[in-house]
Amino acid sequence: MPMKTKHTAQSAFLNLSILTGLAVFFAGLLLALLATATPRTSMRMRTRNLDAHVHAAAPVATPTATPCPSGGSWTERAPYPISISGAAGAAQGGNIYTFGGLSAGTPTTAAYKYTPATDSWNAIAPLPAARYWFSAVSDGTYVYLLGGVNQGGIPTATLWRYDPATNTYDTSLSPYTIPTYWHAAAYLNGKIYRIAGRGIMGTDFHVEVYTIATNSWSMAGNFPGADKMLMATALGGYVYAGGGDGPPCYRYDPVTDTWTFIASLPVIRSLAASDAYNGRWVLAGGDVGFAISNSVIAYDPATNTWTSLPDMLQANDQLVGATVGQAFHVLGGSTDNEQFIQSPCATPSVTPTPTATPTCTPSRSWLERAPYPIAVSGNAVVSVGGDVYSFGGIANNTAIANAYKYTPATNSWIPIASLPAPRGWFSAASDGTYIYLLGGVDQNFTTTATLWRYDPVSNTYNTSLPSYTIPTYFHASVYLNGKIYRVGGRDAGAADYHVEVYNIGTNTWSMAANYPFANYSLMAAALDGYIYAGGGSNFPEKTYRYDPNTDAWDDSAIADLPAYRSAAASGVYNGRWILAGGDVNFGISSSVMAWDPASNTWSNLPNMVQARDNLGGATVGQSFYAVAGNSGPGPPTNDNQQYTETRCGTPTPTPTSTVTPTATPTPTATARPVPAPRSRPTPAPRP
């Protein structure tokens, strides 16, 4: 493979400034003054921001993983339609969407959709204007495109929203404050995070947050250091970011608005493909030790360690990374399109590192938190934006309309707008922005098929959404990739086996493949691109995995439950499917189980404080909550039980002067850091 010449951003800019002259200079200078005129932005750039909230975890033992018997493999797929680098891309609805970039050194507006199921590319509507070195994230309904460099070589702060259903762009969204390129971006719980990057005045350390529901931007805790060409992903309720100008990596907690050190990269890496895959943060290719690489590494939050994965087939940087189902895809850097698939590994054996003293004992415990305001069961529970929301339920033998919000940070409940009408034995799912409430029984115990949407920002309900076809209660529901799935349940006469799918983008319902048998009081969760469902009234030990790409349920993909279980609290916690309480072997239980997709095994977790069934479950940050439910035997309760795991990890790395980037000086008029198109970027010199 012939060597490709690299040019630095600085030399490219000097060539551009000679050609464009004083007009471009003064336009850029004006942009610089506007972009930095904010109380949170310093006119001098810093490599370490003293105002950033950075915390170090206590030193603990290092888990040692047993080697995986199957390391996974890479395969070449249908090539990218054009040679491209510096594009933006994101996965949504079983497809990967890519936008813009540099093709043969020229900025492009070209955009494409790749469908892994058919291994095919299709052109989609071009960008409103050329962009490169920018980013893309998806909320499951739309794809959002942030900043980057335009046709004239000027950094931008635009926010565009692409709608896959209509193949159109909305360019009216509010821009962010500081124009950047080579930033990182991540979507989490209804918000989009723009992290650091390179701006007109130098390398940036700011983190800007876009709240989708309010179409507004705000500042979050600053990234711990000015950084560019870094990578990021959202995983387990946190945002992880790092690499770029140095090997340090960090975890952002949106509840506390703080950044915490995690294990640093083994070797400095930038401009890599990045996404969450199999419960880990995967970085593929990029510039490793300042050279284009095909190496791949993965960060495991459970052990706070980086491990090597098999190398890609080609070495590339300026890549797009995206996960669809059980495959991680790396696109661009040339015409490359590589797919990585890793078979599940055995559960790692964990032994303390001999040098780590004292030995860490992982903590797993339940405790009662502020009680629910009323005694209820059959309520619908879900989390959004760091809060737990609970709606309706059965109290005093009738459905009610009461609704409440619980804030874990303050351990407090407050009432919110009541439901439009009483509902019990129904379900809730969230797309990260809104909460969708499905079916259930009304105050007369009449079964319904309503779909209501609650807006946490305006505290209002939209009751005009279309109803689904078969009225049900005791069903399960989950959100996945822009769609909400209603699974099984009980209708007016008997158990149901249908699966109905609501497409948020088109506001329509359709039928998916039937559940393997009629079932109600079952549980479900979305995890790693699949839907898992099981337990319930019929064959209460059976579990299945639904693949939205093939529209098929698979019995062999997930181990059956160790015991009969129904009407349990259900959710995803620390990369596993957790089931708490419910009816176990036909008796109300306090037992808790978790299924690990990596090992395909169920394991026991500590029992809840109280035995409950017909309760709701939701995860916020590092805690899982089981709310209300029936006692055994007895009336409904107002329990609010919190489960938290404190895992062992490696001692917190201490940054040293050998890996801390030097300060980026404020550029003079003759060296404004606005890039020109080039075939590949070379990272700026670092210590």
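This is a short tour of selected places in the structure, stop by stop, with something to select at each one. Keep in mind as you go that the model is predicted.

**Stop 1: a four-stranded sheet**

Start by selecting residues 273-277, which make up strand β24. This strand belongs to an open sheet of 4 strands, ordered β24-β25-β28-β29, and the pairing is antiparallel. Which strands sit at the edges? They are β24 and β29, each of which pairs on one side only. Turn the view a little and look across the strands: neighbours in this sheet are turned by 25° against each other on average, ignoring direction.

Now select 280-284 together with 296-300, which are strands β25 and β28. The two run antiparallel and are joined by 4 bridges. To see residues facing each other across this pair, pick V282, which stands opposite A298 in β28.

**Stop 2: T323 and its surroundings**

Next, select T323, which has its place in strand β30. Show its side chain and look for A276: a polar atom of the T323 side chain lies 2.8 Å from the backbone oxygen of A276. What else does T323 touch? Leaving aside residues up to four places away in sequence, T323 touches A91, D275, A276, Y277 and F328.

**Stop 3: N316 in a loop**

Move on to N316, in the loop that runs between β29 (305-309) and β30 (320-324). Is N316 buried or exposed? N316 is buried, because its relative accessible area is 1%, and the cut-off for buried is under 20%. Select D336 as well, and you will find a polar contact of 3.4 Å between the side chains of N316 and D336. Then add I292: 24 residues separate N316 and I292 along the chain, yet their C-alpha atoms are 5.9 Å apart.

**Stop 4: another four-stranded sheet**

Select 380-384 and 412-415, the strands β34 and β39. These are the edge strands of an open sheet, each pairing on one side only. The sheet has 4 strands in the order β34-β35-β38-β39, with antiparallel pairing. Its neighbouring strands are turned by 25° against each other on average, direction ignored.

Add 403-407 to bring in strand β38, which runs antiparallel to β39 and is joined to it by 4 bridges. Within this pair, K405 stands opposite I414 in β39.

**Stop 5: aromatic rings**

For the next views, show the aromatic side chains. How many aromatic pairs does a search of the whole structure find? The search finds 59. One to select is Y573 with Y643, an edge-to-face pair with 5.7 Å from centre to centre and 65° between the planes. Y573 lies in strand β53 (residues 569-573) and Y643 in strand β61 (residues 640-646), so this pair ties together parts that are 70 residues apart in sequence. Both Y573 and Y643 are buried.

Then select Y485, Y515, F517, F539, Y544, Y546 and W553 together, since this is a group worth viewing as a whole: they form one aromatic cluster.

**Stop 6: arginines over rings**

Finish with two arginine and tyrosine pairs. Select R251 and Y238 first: R251 lies over the face of Y238, at 4.0 Å from the ring centre. Then go to R490, which lies over the face of Y520, at 5.1 Å from the ring centre.

Technical notes:
Residues numbered from 1 in each chain as written. Predicted model: local features only at pLDDT ≥ 70, side-chain atom pairs only at ≥ 80, totals over all residues. Heavy atoms only, no water. Buried < 20%, exposed > 50% of the residue type's maximum accessible area, 1.4 Å probe, protein only. Polar contact = N/O pair within 3.5 Å; in protein donor to acceptor, adjacent residues only side chain to side chain. Phe/Tyr/Trp six-rings, centres within 6.5 Å; stacked < 30°, edge-to-face > 60°. Lys NZ or Arg CZ within 6 Å of the ring centre and 35° of its normal. Pairing = 2+ DSSP bridges. Axes fitted to C-alpha atoms, helices over the stretch in contact; angles between N-to-C directions. Contact = heavy atoms within 4.5 Å.
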